[in-house]
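The exercises below concern the fold and the overall dimensions of one protein. Please work through each task with the structure in view before reading its solution.

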Amino acid sequence: MTRVLITGGGGFLGTHVAAALAARDDVDLIVSADLRTGPPRTGVVEVLLDVTDPDALAPLLRTHRIDTVVHLAAIVNPGRDVDLEYRVDVTGSTHVLAACVETGVRRIVVSSSGAAYGYHRDNPEWIDEDQPLRGNDAFPYSRHKRLVEEMLAGHRETHPALEQVIFRIGTILGPTVQNQITALWDGRRILRLTGSESPFVFVWVDDVAAAMARAATDGPAGIYNVAGDGRMTVTEIARRLGKPTVTIPAGVLSAALRVGRALRLTVHGPEKVPFLRYRPVLANRRLKERFGYTPHFTSRQAFEAYLATHPGVTTAPTT
């Protein structure tokens, strides 16, 4: 019987993971640790935790005799306070790993991101888990994910008794999700960069939660991309939304963002152009064949499910 602590357990993904774990017969305890507690949840113990506090986690792990940590604590919408993002994502992960080693935790499950691969012109058409991690230094979120994964790689050498499951997750969609990606679809026109179709891989939140629950219990250790089958280009997304595209050269957008940030009209700068232009497209073969989980929704089906729960986004009839 597994005793699980979830960092960031009160957040969007954490609540779904807690529910997926609560539905399993082989989980004895679920502790949701977050900066604030929400409404009571059946089968979940709510505790307060700040992962930036180096002394906070180890006592919790001992008190509840935790053997598995699902580490989800992260900044949901990066780009506004880089120092805080670093403290939560990188320093916080350092504290979580140290506490796991100190208290003899058996396994840690970490939500990483396809952003750890980076946004580069020479990215292959499909990226698998053997590709190097080259997260862009100019894009803090991508850099932080790479730094955390480098830290995890070091722990696999120095602390092999701590099993690791690392999920490099594509764009998560769900009934309440709102982030910098979904914001791209809210306007009357869809932005497209000249010469780039910017393909996206999507995964529905319930698929991520189900994979996390398996990782915390009977799934094999390892590193896995988590995404639905297939991908959708910007043109396909715009067509489905019933909205025209506005095509802008990358250099023009970069200059506009530079001026906009200088005038404090936007928090985004030129570093966001590669984010739109050279998106890593995640192959999920290892997730299906080695880890043993096949997402129920393809990328296109996840997008359709998103539209069904966000009817104001589209001007096109449901097909």
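**Exercise 1.** Determine the strand order of the open seven-stranded sheet in this predicted model, and state which strands form its edges.

*Solution.* Step one is to read across the sheet: the order is 3-2-1-4-5-6-10, and the pairing is parallel. Step two is to find the strands that pair on one side only; these are strand 3 (45-48) and strand 10 (222-226), the edge strands. Step three concerns geometry: from one strand to the next, the twist averages 20°.

**Exercise 2.** Describe how strand 4 is joined to strand 5.

*Solution.* Strand 4 covers residues 68-71 and strand 5 covers residues 107-113; the two run parallel and are joined by four bridges. Within this pairing, Val69 has Ile108 of strand 5 as its bridge partner.

**Exercise 3.** Identify the strands touched by helix 4, and those across which helix 5 lies.

*Solution.* Helix 4 (residues 140-158) packs on the sheet and touches strand 5, strand 6 (163-169) and strand 10. Its direction makes about 160° with that of strand 6. Helix 5 (residues 205-216) lies across strand 1 (2-7), strand 4, strand 5, strand 6 and strand 10, and runs at about 170° to strand 6.

**Exercise 4.** Assess the compactness of the protein from its radius of gyration.

*Solution.* The protein contains ten helices and eleven strands. Its radius of gyration is 20 Å, close to the 20 Å given by the globule rule for 319 residues, so the protein is as compact as a globular protein of that length. Turning to burial, 53% of the 319 residues are buried.

Definitions and conventions. Residues numbered from 1 in each chain as written. Predicted model: local features only at pLDDT ≥ 70, side-chain atom pairs only at ≥ 80, totals over all residues. Heavy atoms only, no water. Pairing = 2+ DSSP bridges. Axes fitted to C-alpha atoms, helices over the stretch in contact; angles between N-to-C directions. Contact = heavy atoms within 4.5 Å. Rg over C-alpha atoms; globule rule 2.2 N^0.38 Å. Buried < 20%, exposed > 50% of the residue type's maximum accessible area, 1.4 Å probe, protein only.
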